[in-house]
Amino acid sequence: DKAGFKHFMAKEIHEQPSTIAEAVRAYLPVGDDAVTLPDGGLDFTGIDRVVMVACGTAYYACLTAKYWFEQLARLPVEVDIASEFRYREPPVAARTLALFVSQSGETADTLAALRYCAGKAERIVSVVNVPESSIARESDLALPIHAGVEIGVASTKAFTCQLSVLLILALKAATDRGALTADDLADHIAALRGLPASINAALDQEPAMESVAKRLAEARDILFLGRGLMYPLALEGALKLKEISYIHAEAYASGELKHGPIALIDNQVPVVVMAPRDELFDKSVSNMQEVMAREGKVLLISDDKGISEAGDGVWQTIRMPRVHDSLAPILYALPAQLLAYHTAVAKGTDVDQPRNLAKSVTVE
Ligand code: F6R
């Protein structure tokens with residue numbers, strides 16, 4: 001049942017205010033400013049490092065979480081693609097938390113990586129959407145993301161719920177390690193509880209995204225740029241766009257632009273810059289200027305302040321509400337998803353069943 005939407009993907013994108021609220025409520029029960037984990041939980045005082053392993057969109061959720069664990073909890077994190085990790089057979093040091101992220105909980109490479117870590121890591125934890133899945137069952141602790149059934153092949157609501165749960169887990173690690181003040185913790189918790197309202201405000205911008213998407217649909221190649229927490233999201237935006245619209249898209253950390261990809265820029269190439277007005281914003285403005293100086297078409301996704309500070313010469317803008325800096329990748333997932341969705345609709349592709357793709361990849 002598509003609940004009146006044209007595609008499951010559209011329905012699932014619009015469900016995010018409630019799925020995120022559900023995930024936040026499950027781990028941050030109302031009336032208590034502390035993280036609550038299920039099944040005896042997890043104590044980070046015995047953990048020295050985290051290894052995160054996943055595939056595709058779930059891998060990008062892990063890359064985002066690396067920033068959170070490192071910045072908030074001062075805990076070193078390695079992130080790996082499951083198919084690389086499992087065959088490289090890396091050493092797993094003592095006091096390592098092995099963390100696996102999977103919507104389906106059945107992805108063959110992720111499951112194999114988990115089995116490799118069993119008996120080596122201190123704890124095996126998974127972040128899954130399907131609680132009775134193989135990955136959940138074989139973990140010491142499974143953390144459900146509460147996204148509900150996801151039918152669209154391109155993951156949307158599962159991604160933002162994965163991010164929400166991973167941020168909450170990083171807050172737990174930060175608290176256990178004494179790395180976060182009570183005030184900072186309370187700020188993050190308040191911001192997470194307010195996130196569904198901001199997601200709704202982002203959804204109000206859908207008409208603007210739809211009209212930009214009609215322009216993107218004419219492009220052959222599209223670049224996505226982001227810095228810090230926005231870099232993994234740039235990767236996710238490019239993946240979402242290519243898998244459903246079949247337009248070639250690539251993402252780079254903004255600072256990498258001048259190390260090669262800038263050679264691709266001309267007046268045919270839209271460059272999507274995801275940049276809330278955070279402490280890295282000035283750096284992103286310099287990168288945009290480098291693109292514009294070569295006639296590249298910048299699509300800036302930012303907040304009011306960012307858009308006004310970016311100045312003239314920007315091709316298109318999409319306006320996001322202002323949120324706590326840590327939460328921006330969750331909020332900015334919305335324009336990444338909606339741009340891909342409306343570009344695909346404009347091109348007339350099969351949005352819910354893109355060619356060559358399966359929802360659950362249970363073979364290598
Ligand atoms: C992209 C997408 C895939 C999955 C990947 C992992 O939109 O859906 O990249 O994220 O196949 O799947 P799970 O999370 O089920 O392990």
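A helix, as the word is used on this tour, is a DSSP run of H or I that is at least four residues long, and helices are numbered from the N terminus. The structure open in your viewer is a predicted model.

**Stop 1: helix 13**

Begin by selecting residues 328-347, which form helix 13. This helix has 20 residues, and from its first C-alpha to its last it reaches 29 Å, close to the 28 Å expected at 1.5 Å a residue. Is helix 13 largely enclosed by the rest of the structure, or largely open? Because 17 of its 20 residues are buried, helix 13 is largely enclosed by the rest of the structure. Now move just past the end of helix 13 and select Gly348, a residue that takes a positive phi of about 75°.

**Stop 2: helix 8**

Next select residues 182-203, which make up helix 8. Helix 8 has 22 residues, and the distance from its first C-alpha to its last is 32 Å, close to the 32 Å expected at 1.5 Å a residue. Where does helix 8 bend? If you follow the helix along to Leu195, you come to a bend of about 45°, and a proline, Pro196, follows within four residues.

With helix 8 still selected, highlight its buried residues, among them Leu185, His188, Leu192, Leu195, Pro196 and Leu203. The buried residues of helix 8 pack against several other helices, including helix 13, which you have just visited, as well as helix 3 (56-73) and helix 7 (157-176). Helix 1 (8-14), helix 2 (16-27) and helix 9 (206-216) also belong to the set of helices that they pack against.

**Stop 3: the ligand**

Now select the ligand and display the residues around it, of which there are 13. Which of them come nearest? They are Ser102, Gln103, Ser104, Thr107 and Glu243.

Look next at the individual atoms, beginning with Thr57, where a polar backbone atom is 3.2 Å from an oxygen atom of the ligand. At Ser104, an N or O atom in the side chain is 2.7 Å from an oxygen atom of the ligand, while at Glu243 the distance between an oxygen atom of the ligand and an N or O atom of the side chain is 2.4 Å. The ligand has 410 Å² of accessible area on its own, and the protein covers 89% of this area.

Stay with Glu243 for a moment, and colour residues 230-245, which form helix 10 and include this residue. Glu243 has a relative accessible area of 14%, so it counts as buried. When residues up to four places away in sequence are not counted, Glu243 touches Ala154, Pro354 and Leu357.

**Stop 4: Lys157 and the loop before helix 7**

Select Lys157, which is found in helix 7. Is Lys157 buried or exposed? Its relative accessibility is 3%, and therefore Lys157 counts as buried. A polar atom of the Lys157 side chain lies 2.9 Å from the backbone oxygen of Ala147. Leaving aside its neighbours within four places in sequence, Lys157 is in contact with residues that include Glu12, Glu15, Gln16 and Glu150.

From here, step back to Ile151, in the loop between strand 5 and helix 7. Ile151 is partly exposed, because its relative accessible area is 41%. Apart from neighbours within four places in sequence, the contacts of Ile151 are Phe8, Glu12 and Lys359. If you also show Lys2, you will find its C-alpha 10.0 Å from that of Ile151, although the two residues are 149 residues apart along the chain.

**Stop 5: positive phi angles**

Most residues other than glycine have a negative phi. His146, which lies in the loop between strand 5 (141-144) and helix 7, has a positive phi of about 60° although it is not a glycine. With a relative accessibility of 32%, His146 counts as partly exposed.

Now select Arg74, in the loop between helix 3 and strand 2 (77-81). Arg74 is not a glycine, yet it has a positive phi of about 55°. Its relative accessibility is 58%, so Arg74 counts as exposed.

**Stop 6: Arg123**

Finish by selecting Arg123, which lies in strand 4 (residues 123-128). Arg123 counts as partly exposed, because its relative accessibility is 25%. Not counting residues up to four places away in sequence, Arg123 touches several residues, among them Gly41, Leu42, Thr96 and Asp140. Show Ser139 as well, and you will see that its C-alpha and that of Arg123 are separated by 8.2 Å, with the residues 16 apart along the chain.

Definitions and conventions: Residues numbered from 1 in each chain as written. Predicted model: local features only at pLDDT ≥ 70, side-chain atom pairs only at ≥ 80, totals over all residues. Heavy atoms only, no water. Helix = DSSP H or I, 4+ residues; strand = E, 2+ residues; numbered from the N terminus. Expected span 1.5 Å × (residues − 1). Bend = angle between axes of the 7 residues up to and from the residue. Buried < 20%, exposed > 50% of the residue type's maximum accessible area, 1.4 Å probe, protein only. Contact = heavy atoms within 4.5 Å. Near = heavy atom within 4 Å. Polar contact = N/O pair within 3.5 Å; in protein donor to acceptor, adjacent residues only side chain to side chain. Areas by Shrake-Rupley, 256 points an atom, 1.4 Å probe, with all protein chains shown as cover.
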